[in-house]
Amino acid sequence: MAWGLPKLPGYTFSDPTRGSHHLRSSMRFYHGYMMPDTLVRGPGGTDTDVDSNAFALADDSLNYDPSLTYGRVKQSAPPAVIPHWVHYNKRCLNFTAFFKQPVFDDPLENYRVRVVNIIYFLEDDTLTVIEPKIRNSGLWQGKLVKRGRIPKNDLGDPWHWKDLDIGKDICIYGKVFHTVSCDLYTREWLESQGIELSKEEELPEDAYTQKERWKMVKPPQKARTHDDPVRRFLEYDGKVLTFNVVWDDRDSAFGELAEYKLFYYLQDDTIAIKQLHDGRGGKDPFPMLLTKRKVPKKWKERPVDFPSILLETSDAEVTEYYSPRDLIVGQTLYILGRRFLIFDCDQFTRKYYKTMLNIEQPERIEVKTETKREIPKSLPPHIGIGTPEDTLQSCFGLIPKPPQKDIIKYNLNANKYLRYLCELDWIHPEDKDRQFVLKYSLADGTVKIGEIPRRNSGIREGTFLQSMRLQTPESDPNFPTYYTPDRFYIGAVIPVFKHRFRITGCDLFVYRYMSANPHKFPRDVIDNVRNYHVRQGNLREELEEATRDEIARETRAQLAKIGQSAVADPDSVQRCLTELNVVEGEAAPPRTPTPPTTTDQITYDDALRVARAGKLGNDEVIPLKGILKSGTATDEHQKVVCFTAPAPRDHDDAASLDARPRYDEAKDFCDRYKDPEAEQRAERRAKDICAYDIIPADRTEYGDDDVGRENSLPGYLGTYNVDCKQVPEYMRLNPDDYDKVKTMRQDVPEISPAAARRAHLPRVDLPDDCQQPDSKNPEDVTFGCHRVAPKFQDGCE
């Protein structure tokens, strides 16, 4: 506004430089309290006329401060002025009230009581009405009256806190609210202002709310006796008393004497009754006549005040239930108005009554029942529609069902067919060379016949017989039997609707299927099909494999025969031992860990050195069935050697080895080479005298002269520093050791095929670089020859 211009219409102008026109608030907040702002600003934050320098006076305290000249005077602080709206900020008076909402066309309730809160704000004397929200009430709840100055009369006078009291009707916009109580702050504040409130009232309750509350209240329960159902379940689960009962209902129309099973469950004292169906009564097969429940003895007994409209009784109304003491054979039970006679019980029930209740159940009561005459069922013949199975299904129910199929058989044999080549058993010449393929489905047993096309035959080939189950000629038309694969073979004649087909061939799959399922086919049928394929040359691989197996068996038999010939005859050896007077224990004990290469015979010296080195008893000797002629001894081979007499150093002389006599089958073989002193040695052993000869001192060819002079012990064993009178423990034998060796030799299996293959190989001479055993050291039995691997005919080692 331009200064100096009068405030007349047309003399006021707006400031074009002003860009903000907002008005500054006259209130401000200080420490959370609303206070008036002493700084007054115009629109847009401009200075007002009263705050400008043009209106400043000479003694204006803002422009002239006397305290600057005369000093500041001590004055008391002005009192703090708190505005009304700041003092009563967020302070309200709360009254609890209700109003009745009418309900029309409802016989259960005429009105509904709705509780509200009347809140009066002391800050600005406004008032609001809020109804608390109730979950799932179905009513529109919340703020019913907006906050504001609500008029209380037609003159427009608003409601004031002086007009509020308990038990007073407050009319707000035509709706009357009746106050019943208030909170503690409201009571104390009104009493501080000199208003005495009335006595609080009770909130009324409508019929609907009361009814819903009673639905949630559980009726008082009758005190039960101490019974642990869990423990009872664990002890008596699965223990049931079983009784045979009959229900005599012959007094009523169409009644009968029916038999039932009564079960008493000990775990919860319930009773169930099962009806027994014989399949001839014509009744619906209901499984249970009475399901598990407690059965009262007097089912019609009820208290006088019992509401009969409920038609259900509880434990409070029933005086007594049936217990095991009431179930005795021969007694009659009245279960829900039906009369049951107990005529028998099972063995468990009798044992339970005897051991637990000390009650002996009576014997079974014979109940005479009428025996109905059995009427034989006659099945009707085939009506000609569908298959005979379809006609048979119509006899089992009013609504016939399709015959059941073997789904498992169908899934296992889906798309599996047995194909046979057939020819027509012709009468007319034009049918002479016609060939057909018969396909038998393993899935459903159907047969399909198709003709093989021929060039310029003049006959329309194709499907001769569609897939269908083919009846056998001897079957009954009403109850037919059908062809199965065991009736199809080479040369079989199959009649099909007055046509005769002769089977002349089949697939190789037919033979495979017969071989895999021999229990489904006769043996002659399998042989017939196999012979056909052999003639056709389809089983060449099988024949070659069978031939190879047969040759392998013959080869194994020959090798076994060679192995038997390579082993000494046990009977001959035994006879030799008997003739030579070889007593118990004259067998080589186990060899050293590195045994020498075996030859045709083992000398006595080598056997003795091995025995001294091994130091094992004869109980651990496991001999073979004879002596190997060649080959290297292994850990699992033990040698049983038959010798005649101690031969000194025969293993060093090759010529002496060749000069030894070979055993033959002559009867006097043992007599010719029998030691003349054998009988004397036997007598010495019997008298516990040294069985060996005392070697004279002049026989020094057993060893070097030096060795013979050093030996002070006499005899042959003295050359090895062994006293004949002091035989070591490992050389002493038990009386039954000789029998053990004979028994073990008979139980040893035949020689292995590898040793048999080595038996027929020629002997290989020792190489020149072999080291002969040291003659000075008789204990040295090892040879320094290189190992010569045997070569077989096929080039394999």
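**Cysteines, strand pairing and aromatic contacts in the predicted model**

No disulfides are found: the count comes to zero. The structure described here is a predicted model. With respect to solvent, Cys 171 is partly exposed, at a relative accessible area of 36%, whereas Cys 345 is buried, at 7% relative accessibility.

Cys 345 belongs to strand β14, where it stands opposite Phe 243. Strand β14 (residues 338–345) pairs with strand β9 in the antiparallel sense, over five bridges. Strand β9 is also joined to strand β10 (residues 257–265) by nine bridges, and these two strands likewise run antiparallel. Within this second pairing, Val 240 has Tyr 265 of β10 as its bridge partner. Strand β9 spans residues 240–248, and eight of its nine residues are buried, so the strand is largely enclosed by the rest of the structure.

Positive phi values occur at two non-glycine positions considered here, Lys 90 and Phe 497. For Lys 90, phi is about 60 degrees. This lysine is located in the loop between α2 (84–87) and β3 (92–102) and is exposed, with a relative accessibility of 75%. For Phe 497, phi is near 50 degrees. The loop that holds Phe 497 lies between β19 (493–496) and β20 (499–506), and the residue is exposed, having a relative accessible area of 57%.

Aromatic contacts were then examined. The count of aromatic pairs comes to 16. One of them is the edge-to-face pair of Phe 464 and Phe 501, with a centre-to-centre distance of 5.2 Å and an angle of 75 degrees between the planes. Because Phe 464 lies in strand β18 (residues 463–468) and Phe 501 in strand β20, the pair ties together parts that are 37 residues apart in sequence. Phe 464 is partly exposed, at a relative accessible area of 31%, while Phe 501 is buried, at 1%. Another edge-to-face pair is formed by Tyr 513 and Phe 521, for which the centres are 5.9 Å apart and the planes form an angle of 85 degrees; both of these residues are buried. In addition, Tyr 420, Tyr 440, Tyr 483 and Phe 488 form one aromatic cluster.

Charged side chains also lie over aromatic rings. Lys 294 is placed over the face of Tyr 321, at 5.6 Å from the ring centre. Arg 469 lies over the face of Tyr 482, at 4.0 Å from the ring centre.

Conventions
Residues numbered from 1 in each chain as written. Predicted model: local features only at pLDDT ≥ 70, side-chain atom pairs only at ≥ 80, totals over all residues. Heavy atoms only, no water. Buried < 20%, exposed > 50% of the residue type's maximum accessible area, 1.4 Å probe, protein only. Helix = DSSP H or I, 4+ residues; strand = E, 2+ residues; numbered from the N terminus. Pairing = 2+ DSSP bridges. Disulfide = S-S within 2.5 Å. Phe/Tyr/Trp six-rings, centres within 6.5 Å; stacked < 30°, edge-to-face > 60°. Lys NZ or Arg CZ within 6 Å of the ring centre and 35° of its normal.
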